[in-house]
2 protein chains.
Amino acid sequence: MIVPLGRALSAAEEPVLRAHDLSMWAYIVLTALAERPMRTQAALARAIGADKTRIIGVLDDLQERGLIQRRPDPADRRMRVLSLTAAGQRAHRSTQAAIRAREERLLARLGAADRQGFLRALQVLSALPPEEIVGG
Amino acid sequence: MIVPLGRALSAAEEPVLRAHDLSMWAYIVLTALAERPMRTQAALARAIGADKTRIIGVLDDLQERGLIQRRPDPADRRMRVLSLTAAGQRAHRSTQAAIRAREERLLARLGAADRQGFLRALQVLSALPPEEIVGG
DNA sequence: TATTGTTATACTCTATAACTATA
DNA sequence: TATAGTTATAGAGTATAACAATA
């Protein structure tokens with residue numbers, strides 16, 4: 001049930017993201033960096049559950065459009081310090097608002113109790129480390 | 001949250017499926033046919049949200065292993081009537097039991113109220129036609 | 001030598017289009 | 001001609017491996 005639902009929700013959010021000129025991964029990256037800047041790209045990749053090679057193109061694009069900053073760390077120039085620009089923060093906030101409005105319309109279909117249980121269950125299960133899910 | 005969770009759950013169920021020699025799609029097909037036999041492959045594909053070409057290899061394999069029957073409809077020999085064999089029913093039941101046991105262990109982490117809300121919310125949202133999800 | 005990021009390559013999954021057979 | 005199923009092909013998304021820069 002969850003996998004098809006995830007697909008449907010992704011499909012539902014795609015028009016919203018396109019309207020804000022962001023790919024799904026770009027939005028995920030902005031969301032992660034909005035929570036806190038990262039010292040390396042590998043750390044960002046881990047945080048969002050992506051391969052480190054997967055996000056390079058995304059970062060290239062976001063940087064080119066001035067939504068993120070990506071500078072070599074002066075202390076260790078192998079690393080790239082990542083953070084949102086002011087424009088990036090604005091883009092993230094407006095996109096997130098649009099997505100939340102859409103989610104709100106869907107959650108309105110649920111009873112208050114189910115809704116709360118659903119969101120709490122998602123948080124609990126998402127917070128589990130993968131080993132615990134696999135191991136049961 | 002839902003998409004990564006779905007990925008994690010899929011990954012968690014994979015060892016169980018492998019132990020029963022079934023792919024994810026094979027299991028989905030068996031589950032659909034356990035509910036009710038289908039008159040055409042296209043109907044099955046629609047029912048499980050897959051492309052009609054996607055399931056052909058799956059059906060080939062299941063038929064070869066004697067888990068499903070797939071016979072031309074005498075009334076219209078273009079169509080293939082699909083149904084589980086006795087062995088297919090057994091395979092489905094034992095695999096489903098193993099998967100449910102694993103799900104049970106995960107759901108045990110939730111409070112009773114959250115758990116009920118979570119499952120009901122999943123049912124409600126999954127039952128929504130795609131248009132309503134996209135349209136909001 | 002070990003690590004960060006990058007590029008190039010291969011692999012998996014899925015969808016599209018062309019084909020066969022029945023009607 | 002239209003439909004069910006099949007096959008072959010191409011596309012997107014992802015992961016793996018080799019490479020360059022820095023430590």
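How do the residues of the surface near DNA strand D divide into nonpolar, polar and charged? In this predicted model, the surface near DNA strand D comprises four nonpolar, four polar and nine charged residues.

DNA strand D is surrounded by 17 residues. The closest come from chains A and B: Arg54(A), Arg77(A), Arg78(A), Gln41(B) and Ala42(B). Of the atoms of DNA strand D that come within 4 Å of the protein, 65% belong to sugar and phosphate. Polar contacts to the phosphates involve residues including Trp25(A) and Arg70(B). An N or O atom in the Trp25(A) side chain is placed 3.1 Å from a phosphate oxygen of DNA strand D. For Arg70(B), a polar side-chain atom is 3.0 Å from a phosphate oxygen of this strand. Lys52(B) contacts a base: a polar atom of the Lys52(B) side chain lies 3.4 Å from a base nitrogen of DNA strand D.

DNA strand C also has 17 residues around it. Those that come nearest are Gln41(A), Ala42(A), Trp25(B), Arg54(B) and Arg78(B). Sugar and phosphate make up 60% of the atoms of DNA strand C within 4 Å of the protein. By class, four nonpolar, four polar and nine charged residues form the surface near DNA strand C.

Three of the nearest residues make polar contacts with phosphate oxygens of DNA strand C. The side chain of Gln41(A) brings an N or O atom to 2.6 Å. Ala42(A) uses a polar backbone atom, at 3.0 Å. From chain B, Arg54(B) places a polar side-chain atom 2.7 Å from a phosphate oxygen.

Key:
Residues are numbered from 1 along each chain as its sequence is written. Chains are lettered from A and ligands numbered from 1 in the order in which they are written. This is a predicted model: local features need pLDDT of at least 70, side-chain atom pairs count only at pLDDT 80 or more; totals for chains, interfaces and linings use all residues. Side-chain values use heavy atoms; hydrogens and water are left out. A residue is near a molecule or strand if one of its heavy atoms lies within 4 Å of it. A polar contact is a pair of N or O atoms within 3.5 Å; within protein, one must be able to donate a hydrogen and the other to accept it, and residues adjacent in sequence count only if both atoms are side-chain atoms. Ala, Val, Leu, Ile, Met, Phe, Trp, Tyr, Cys and Pro count as nonpolar, Asp, Glu, Lys and Arg as charged, and the others, Gly among them, as polar.
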